[in-house]
Amino acid sequence: MKRAPVSLAVLLFLCYALFRIAHFYPRWEKSGTEATLSWDVFGYYLYLPAYFIYDDLWGLEFRDSVFQQYQPAADFHHAVPQPQGSMVMKYPIGMAVAYLPWFAAGHALAGLQGEPQDGFSEPYQWAILMGCILYACLGLWVLRKVLLRFFGDTAAALALAIIALATNYLNHVSFDGAMAHSTLFTLFACLLWLTLEWHARPRRRIAACIGLVIGFCTIIRPTELLIALVPLLWGVHSRGTLLEKFRLLRSRPWDLVLLVLSTVLMGLIQMAYWKKYSGHWLYYSYEEFGFDWLRPHILDGLFSYRKGWLVYTPVMILALAGFVPLFRRWRAQFWAIAVFFALNLYVILSWEVWWYGGSFGMRPLVQSYALLALPLAALLTVALERRRWRWALIPFLILCTDLNLVMTWQAHDPEGGWHPESMTKAYFWKIFGSTNAKKADKKFLDVRHELRSTEGMAVRELYRNDFEADTTANRSERHARSGRFSCLMNGGYAYSPGYETAIADLNPREKSWIRVQANVFYTDYEWNEWKLAQLSCVFLRGERVIRQTTCRIQRTTDPWRWHLLSYEMKVPPDLQPGDRLKIYVWNAGSEKEVFIDDLQAFLIEPQP
């Protein structure tokens, strides 16, 4: 490898930065769902304490006491009960294999520090995250070696810096590093290096290592088996090179046999577990979740404000653009990466829960950045050769890096306001660039539009209920905002009195709005978002919802204080006379008390 002082200095800085940034939000010191071993990571990891500490991989009888003490998720969904009484882990075994040395280190450290050796105390949490960050640094080191095979020192350094600082790779190393993605990134980088080594000088041990890496990726996430396309298609860019690749494989049959056998050997770790605990060699543990193969969510996955990849990681537009120079100058590498990326994107976005739960950005694409580093470096190489491109690129990279750092902070700081899986366009722009989001703005997680001014518009009151005379309401003399009574919502009283009218009676003009507002009060927060009380405005045609806005009350307000909650909703333009408008408050299954007073509705329409 040629001398590359710039990329080496950048690599060392990035490794330091990844460890240092983790200490700004030390997850090993956090509790509950903010701890290192929480949510999915808890499921990946559960194999290790179950087998080595509790000797109960069969029934996981210890799980209730662990959940009560550490509260790593809202509920236990990490294993599936079997008819024979066993429990089968929902998540594959691969990350437990990756965690094993760090689990052992955490166990030893807990003993030295006098901490509980229960698998979940702080030394285990620290060791797992630090170990995964170390894996990530190894991945960057290997990726640098790969990039320097094709590109100059400066382009390689920039590509590494962009991936580490301007994409959600940073989040999935320094904050969520115990998730699978940064470890898979490292395995992808290793596969690239092994592929280069085998094609430069074919050897059986290299072929076996390629198989082990492919198998390891597969037992972390089964769909990662697609990565086998990279060594298979490497160097193929024409009919002649395809025939040459075929002849090479025929001339080295034992390399191919060893590659397949080592892949299967890694897969047998997972299959043996399934066989023992479910009775089947192959077992689907995700139950009701599956793939929409005929309706992949490509546009949502790339461009939606909920979790769109290019919305939250815009710098990767450069990597996509880099496929053009990669095709022109490095065609032998183009097809392997392009085919894998296209098929992988299709598979990822065919998953019916295409936003992949709570995370920052499109997390299942993070591991692909090891491959996308090549088209990214290709574009950087071209840009560095042209002065105008350089001057255009520098501010874009600075802005993307700054945006990524701010959004990563928003995603973890308690005042950042980020929502891990329900971001909207309106809310995205409300908190854009801010590190101190207003709680009241969280209504825009539910509300799509905002009427900024009523200038030139007529405001007509449609409904007002202060619950003083409404005997149909569940009236309460506690916590009334005005007058004597408010409406009490709780588990036994889910729906408030409300307003309902036919559109024929309302007769709104074009481009009209409905404003809904109420004074709200509660004492105890409901932590289950799906059970939060909602101020609802619904347009109906028969029993079919035409348009609906529901604003979750507790999410936008503080306890022990009266708040005026208000929002606007556009009137649908294609209403029919028989359609209806309904406005009410719904306490969505919660036992927690919410008090409502002065429920009002207004029609806001352009003046004639």
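# A guided tour of the predicted model

In this predicted model, a count of disulfides comes to 0. The tour begins with two cysteines.

**First stop: the cysteines.** Select C137 together with C15. C137 takes part in no disulfide, and the nearest cysteine sulfur, that of C15, lies 3.5 Å away. Because a disulfide requires two cysteine sulfur atoms within 2.5 Å, this pair does not qualify. With a relative accessibility of 7%, C137 counts as buried. Next, select C551 and C537. How far is the sulfur of C551 from the closest cysteine sulfur? The distance is 12 Å, to C537, which is too far for a bond. C551 is also buried, its relative accessible area being 0%.

**Second stop: two helices.** Two packed helices are described by the angle between their axes and the distance between the axes. Select residues 153-166, which form helix α7, and residues 387-412, which form helix α20. Their axes come within 9 Å and cross at roughly 30 degrees. The helices α7 and α20 are therefore roughly parallel to each other. Now display the side chains where they meet. From α7, the residues to show are I162, L165 and A166; from α20, they are L397, C400, T401, N404 and L405. Of the residues in this contact, 6 are nonpolar, 2 are polar and none is charged.

**Third stop: a sheet.** Strands of a sheet pair through backbone hydrogen bonds, either parallel or antiparallel. The sheet to view here is open and has 4 strands in the order β6-β11-β8-β9, with antiparallel pairing. Which strands stand at the edges? They are β6 (499-502) and β9 (544-552); each has a single partner strand, so one side of each is left without a neighbour in the sheet. From one strand to the next, the twist averages 20 degrees. To examine one pairing, select β6 and strand β11 (residues 580-587), which are joined in the antiparallel sense over 4 bridges. Within this pairing, Y499 has I583 in β11 as its bridge partner.

**Last stop: two backbone angles.** Select W39, which is found in helix α2 (residues 39-45). Although W39 is not a glycine, its phi is positive, at about 45 degrees. This residue is partly exposed, with a relative accessible area of 38%. Then move to E287, in the loop between α13 (253-278) and α14 (298-303). E287 is likewise not a glycine and has a positive phi, of about 50 degrees. Is E287 buried or exposed? At 52% relative accessibility, E287 counts as exposed.

Note on methods:
Residues numbered from 1 in each chain as written. Predicted model: local features only at pLDDT ≥ 70, side-chain atom pairs only at ≥ 80, totals over all residues. Heavy atoms only, no water. Buried < 20%, exposed > 50% of the residue type's maximum accessible area, 1.4 Å probe, protein only. Axes fitted to C-alpha atoms, helices over the stretch in contact; angles between N-to-C directions. Parallel < 35°, antiparallel > 145°, perpendicular 65-115°, else oblique. Contact = heavy atoms within 4.5 Å. Nonpolar A, V, L, I, M, F, W, Y, C, P; charged D, E, K, R; others polar. Pairing = 2+ DSSP bridges.
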